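Here is a quick tour of a few local features, picked out for someone who thinks at the bench. Have the sequence and the 3D view open as you read.

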Amino acid sequence: MAGRVSADFGVIPEIPVDAAALGRLAEELRAKAASLPDVGSAVVARWDGLEAVYEAPEAAAAAAKMRPLTVVAADVCEALLRAADIVDHLSDDLLWLSMRRRGLVEDVAEFARAARGIDDRDRSVELAREIDGFAADVDERIDQARGDLAAIPLPPTWEVAIPDAAAQPLGPRLTWAVRSEEITTELVMAPLLALARSGTSRVARLIAAHPEWADLLREHPPAPDAVRTWWDSLSPAAAAALIDGAPALVGALGGVPPLARVAANRVTARSRLGEVEAELAAWERLHGEGASADLQAERRAAWDALRAERDYLRGVETGKVQLYLYEPADNRIIEMFGTPGTGTTRILTYVPGTFTRFDSFYRGEVQGVSQWMAEQESGMVAFVWKGADSPGDDEHPGQTGFGIGLLEANGPDRAAPGGEALARFQREVASDPTLAHGRQLAMGHSWGLVPVAASEMQGARYDQVHSLSGAWVPDGWTPNASTSYSHWSYTDALSMAQDAMLVGAGRAPDTVPAFESHIYERRTDAEIPLGGDLAPFLRPDGPSLRVSLSPLSNHNLIAGVSTDNIGPLSDLRKKVFE
């Protein structure tokens with residue numbers, strides 16, 4: 001019979017220094033360092049003027065003695081920056097260690113509750129070993145910082161600081177640029193490791209008790225490769241516990257396998273589905289009550305929107321719809337078609353255009369081409385990507401919203417954020433063994449071409465880039481030599497605006513030499529000569545302008561799968577699967 005014992009793990013040591021205070025100290029050191037070069041130069045300049053007001057031999061000597069002060073100031077500046085980097089490094093390490101300590105405290109408390117006096121020697125020894133290791137790590141990090149600070153050499157005297165003298169090395173710089181990815185990975189892996197030790201119910205409790213963990217992962221996403229290594233180390237039971245207990249976290253975490261993310265987002269969608277069905281019931285009770293025509297129309301619109309969301313989420317619940325990302329609160333969603341596996345040969349990332357809203361996915365307005373392509377070959381996996389805000393997706397009413405959306409689509413402000421987010425997504429794709437080695441294809445409709453091109457400026461690489469009536473490429477973009485670029489379009493509202501130089505400052509894809517253009521005719525097209533009857537205001541022998549009598553429908557048609565678009569679709573398919 002097991003004996004009743006009391007486990008003594010010793011005291012879990014406190015972190016002896018406030019990490020936030022260290023961070024503030026590092027900022028102060030950098031601020032002081034930043035002021036030194038200007039101060040040194042100002043002092044030297046003031047002394048250089050001494051000879052103009054004091055004519056004596058010692059004036060020239062005094063001014064000469066002061067000139068090396070600029071070099072001394074630079075040396076002190078470098079020493080302060082070195083010290084700031086060391087303090088920053090220590091601050092980051094202590095923040096990570098404090099998260100480890102919090103996990104240890106919770107583990108000990110959980111053990112005490114679970115054991116209830118029953119002897120569990122193995123777990124007791126394991127916890128004691130973890131506490132001893134934690135204490136040793138705290139001492140080691142602090143001792144390392146002390147040693148690094150002590151190793152900073154004193155600035156040389158003024159005589160040594162003469163410009164021709166040999167500089168005294170300060171050692172390698174520990175800059176944030178060098179340490180950022182390493183520190184980010186260390187910080188966020190601490191809560192992930194804590195979660196992985198728990199069952200489903202405890203995972204849910206931990207997430208509820210520590211919302212800052214999700215914030216940390218969202219604001220400072222870890223390297224996808226590190227996450228994938230961690231995930232692959234989990235047991236099936238631990239992975240299942242994380243999917244069920246922390247679905248919102250797992251479903252948005254880059255590096256988690258795509259099918260695991262889909263499973264996690266199915267859990268999140270199921271929860272939202274219950275809320276939607278309750279809201280629909282409330283709206284249905286209001287539907288028959290008396291109200292003005294305008295109010296009835298608003299109710300009908302809200303009811304229709306909820307029904308579309310309900311039907312979509314039911315598809316998620318049954319597995320018909322696969323969500324790689326589902327974050328309604330942050331206006332981000334990525335739908336996946338196909339099944340990643342050893343037979344995956346092509347990965348398509350499709351970015352829809354202006355006015356793409358979250359509910360565009362509910363209504364099936366933006367998935368057509370990606371789904372169609374995935375159905376053409378079993379080795380194709382396609383993503384419909386809305387990982388950043390789209391122009392016009394903030395739902396301003398009527399013509400006001402239409403005008404705002406067009407202005408946003410033609411402005412540069414959304415290009416860089418969209419490109420950064422898409423490049424990060426491509427790094428996630430590259431971290432998955434089933435997706436990393438296939439041909440990478442990118443396709444952007446209308447404004448969707450902008451983040452595709454901007455992602456290349458952030459390091460993303462594609463085998464093919466396809467513009468479906470694409471808007472423009474960012475200023476400074478250059479084509480990748482190993483990428484094939486194609487532009488597919490009808491004459492539409494966007495092409496007419498591009499011809500009039502109203503869009504993208506002349507950087508439309510059909511004018512960029514890297515893109516091979518395919519312009520398709522329709523019976524509603526017309527050629528308007530810029531001369532003839534308009535002379536003498538325009539040259540009689542001037543060029544003509546190609547216009548369409550159905551400009552908006554043509555713009556949407558190129559991104560659709562109706563029989564009217566079968567010609568461009570077939571040509572596009574040949575190019576994609578060549």
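What follows looks at a strand hairpin, two helices and one residue on a third helix. Keep in mind that this is a predicted model.

## The E1–E2 hairpin

Start with strand E1, residues 322–327. Six of its six residues are buried, so the strand is largely enclosed by the rest of the structure. Its partner is strand E2, residues 332–337. The two run antiparallel and are joined by five bridges. If you want a landmark for the pairing, find Tyr326, which stands opposite Ile333 in E2.

Four residues sit between the strands of this hairpin. Look there for Asn331, which takes a positive phi near 60°.

## Gln322 up close

What does the side chain of Gln322 reach at 3.1 Å? Gln322 belongs to strand E1, and its side chain gets to the backbone oxygen of Gly338. Gln322 has a relative accessible area of 15%, and the cut-off for buried is under 20%, so Gln322 counts as buried.

Leaving aside residues up to four places away in sequence, Gln322 touches Leu259, Val262, Ile334, Glu335, Met336, Phe337 and Gly338. So Gly338 turns up twice for Gln322: as one of the residues it touches, and as the owner of that backbone oxygen.

## Two helices with a buried side

Helix H9 covers residues 224–232, and its buried residues are Pro224, Val227, Arg228, Trp230 and Trp231. They span an arc of only 160° around the axis, which puts them on the same side of H9. Turn to the other side of H9 and you meet Asp225 and Thr229, both exposed.

Helix H21, residues 566–576, can be read in a similar way. Which of its residues are buried? They are Pro568, Leu569, Leu572, Lys575 and Val576. Looking down the axis of H21, these fall within an arc of 125°, so they line one face of the helix. Note that a charged name shows up in each buried list: Arg228 in H9 and Lys575 in H21.

## Arg146 on helix H5

Is Arg146 buried or exposed? This residue lies in helix H5, residues 121–150. Its relative accessibility is 56%, and exposed means over 50%, so Arg146 counts as exposed.

Arg146 also makes a handy pointer to another part of the chain. Ile86 is 60 residues apart from Arg146 along the chain, and their C-alpha atoms are separated by 9.0 Å.

How values were computed
Residues numbered from 1 in each chain as written. Predicted model: local features only at pLDDT ≥ 70, side-chain atom pairs only at ≥ 80, totals over all residues. Heavy atoms only, no water. Buried < 20%, exposed > 50% of the residue type's maximum accessible area, 1.4 Å probe, protein only. Arc of directions from axis to C-beta. Pairing = 2+ DSSP bridges. Polar contact = N/O pair within 3.5 Å; in protein donor to acceptor, adjacent residues only side chain to side chain. Contact = heavy atoms within 4.5 Å.
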